[in-house]
Amino acid sequence: MTILNLDFNLHYKSFDFAINQVLDLKGITGVFGHSGSGKSTLLRAIAGLEKNITGSIVLNEKTFIDTSQNLGVKPEQRNISLVFQDSRLFPHLTVRDNLKYAARRCVSSQLNLIDILRLTELDHLADANVTDLSSGQKQRVALARALLTEPKLLLLDEPLSALDQVSKTKLLGLIVKVQQQLNLPILYVSHSLDELQQVCDNLLILSQGKVINYGNIHHTIHQLNFLSARLPNEQLIHQQTSLSLPIASTDNGQGLMVLALAEQEILLPRLPGELTKHKHLRCFILASDISICLSESQNSTIVNHVSGTIKAIESSSLDESTHSVLVTVICSGQEFFVHISTYSQQKLALCINQQVYLQFKAGAVRTYLY
Amino acid sequence: MPSPDLLALAVTLKMAALTTVILLLIGTPLAWFLAKMTSRFKVIIEAIVALPLVLPPTVLGFYLLIAFSPQHLPGQMWQQVTGQQLAFSFSAIVTGSVLYSLPFVVQPLQKAFEQLGGSLLEAGAMLGAGPIDRFFTIVLPLTKSSFITAASLGFAHTVGEFGVILMIGGNIPGETRVLSIALFDHVEAFDYAKAHVLAISLLIGSMILLASVYLLNLPRLKTGKRAN
């Protein structure tokens, strides 16, 4: 178990950052926020790259910094690794020598360079010049290099932002694989909620240099639906239902994948073959992509009809003039969030505890994976 | 007994080599400090370093002559430590050369360090490399061409030095009589034949040195384009 205790603040001319939060780093913890929210600042502070910190950062029993005791551990002695957005490979070294740079300075050397090359699928590029690599390959080398320091905690700062969609999916899969095989706690910063939704176990939300939420990924995203409604100046996310469901069938014979929602089913377009190995699928449905029906529609092209009970109806925005509501519906124990107009709500006379059917197209069930 | 001109060549090379080594040793940390410095005093230090570029060498030589004399503190201290007079000695012309050629070493290095930036050094720290380790494994290999430029310019500029040495050297054969002074002596004695030999040798020697530097730095065009 890895506990990261953060209690510090930091001031710049136009930006203040303050955090007092204990993170239980199981699996991958996402850090989400818009630009200027302090995501990268948080990672850099943990890594020791930010000066001017007041307060303390403690990983398990090891104090990295405690300004009240005048204590500070240098970045190179923290045994933490950071994968930067821009790779930052050493241009004068080959791929192999970049990796050796890390391996040579690693104290424990449990990991073998060859194994890591294989794990990150870089075997064939070992002797390449790093300046000749694509952005996706560069990030894989950066990840491999970070792993070879055998860090207690791996920090990823927008690792996918410079990549194309195919490379993004590939690297994301690799990050999950690495996390599971090495059982390495990861703190993953991104401004893309979809990306984080796909891989994170927990999520920390930052806004304007402050933590506004922290917890289980799905739960936190669902809470954000309401926070987005209450913070009028900050459209944090698109209101959505975040799901992780067992795969009942990867192909029902008609090009659709079937997910099990207890005794009900959710259909979505079939995904590329590689994913069939997984037992669960992470996906999300935007609140604006779901509609509500009072009876199960039999003659519609819409494939998904899920029955449930209305749990709550809230205004979807502080601004009354938007004339819309966010309806929470419980279907087989799972919360769904539906965005409808007040006009529709009144027309159907929707109320709490009412039995309804949710309708959405197969294509509305989205996943970050390509 | 070698010819006086060969002796002057030996003194010149010894002076330039020693000056270059000293300049790299003090110029590197100074250039690093200036590259990282954000204080407003940076411009003052930069101006002091650059002064020899614009100042007539005789001005620098004049002040050094005064400072090196046994009547003044630097000269006095030198005499107490070494038992010898500083003015009109080999040590004096090396000291003068170091000050005179300082900008030729500091400026290319400072520029290289500024261009390198901090991002690769942060990456190095994240891989467990301390500051000294980072300097030798990241900074030095990536700024190698600037070090070659700095050392060559420092060396060549020192070889070509005249005014400062004339003021503080005293034209002592085997000690402070360098090629440029020897050339001047030949011209004054109307011995143009000997003057020609020295002049053309200095010209060709400098040409070869500069051409080699540019040749050595040529691959930079290919690999110097850094990713990120």
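## Strands and a shared side

Let's start with a pair of strands: strand 12 (residues 240-249) of chain A and strand 13 (residues 256-261) of chain A run antiparallel and are joined by two bridges. Within this pair, Ser249(A) has Val258(A) in strand 13 of chain A as its bridge partner. Helices (H or I, at least four residues) and strands (E, at least two) are DSSP runs, numbered from the N terminus, and two strands pair if DSSP finds at least two bridges between them.

Before going on, note that this is a predicted model, where local features need pLDDT of at least 70, side-chain atom pairs count only at pLDDT 80 or more, and totals for chains, interfaces and linings use all residues. Residues are numbered from 1 along each chain as its sequence is written, while chains are lettered from A and ligands numbered from 1 in the order in which they are written.

Strands 12 and 13 belong to an open sheet of four strands in chain A, with the order 14-13-12-15 and antiparallel pairing. Its edges are strand 14 (264-269) and strand 15 (280-286) of chain A, each pairing on one side only. From one strand to the next, the twist averages 45° (axes are lines fitted to C-alpha atoms, for helices over the stretch in contact, and angles run from 0 to 180 degrees between N-to-C directions).

Now for strand 8 (residues 153-157) of chain A, where five of five residues are buried (20 or more other C-beta atoms within 10 Å of the residue's own, with C-beta atoms placed from the backbone). Leu153(A), Leu155(A) and Asp157(A) point one way from strand 8 of chain A, and Leu154(A) and Leu156(A) point the other way. Here are its links to two other strands:

| Strand joined to strand 8 of chain A | Bridges | Direction | Facing residues |
|---|---|---|---|
| Strand 7 (residues 80-83) of chain A | four | parallel | Ile80(A) and Leu153(A) |
| Strand 9 (residues 186-190) of chain A | four | parallel | Ile186(A) and Leu154(A) |

Together with helix 5 (residues 165-182) of chain A, strands 8 and 9 of chain A make a right-handed β-α-β unit. Right-handed means that, with the strands pointing away from the viewer, the path from the first strand over the helix to the second runs clockwise.

Finally, the two chains meet: 16 residues of chain B are in contact with 22 residues of chain A (C-beta atoms, placed from the backbone, within 7 Å). On the side of chain B that touches chain A, helix 6 (119-126) and helix 7 (131-142) of chain B each supply at least two residues. Helix 6 of chain B gives the most, with six residues.

Notes. Buried ≥ 20, exposed ≤ 12 C-beta atoms within 10 Å, placed from the backbone.
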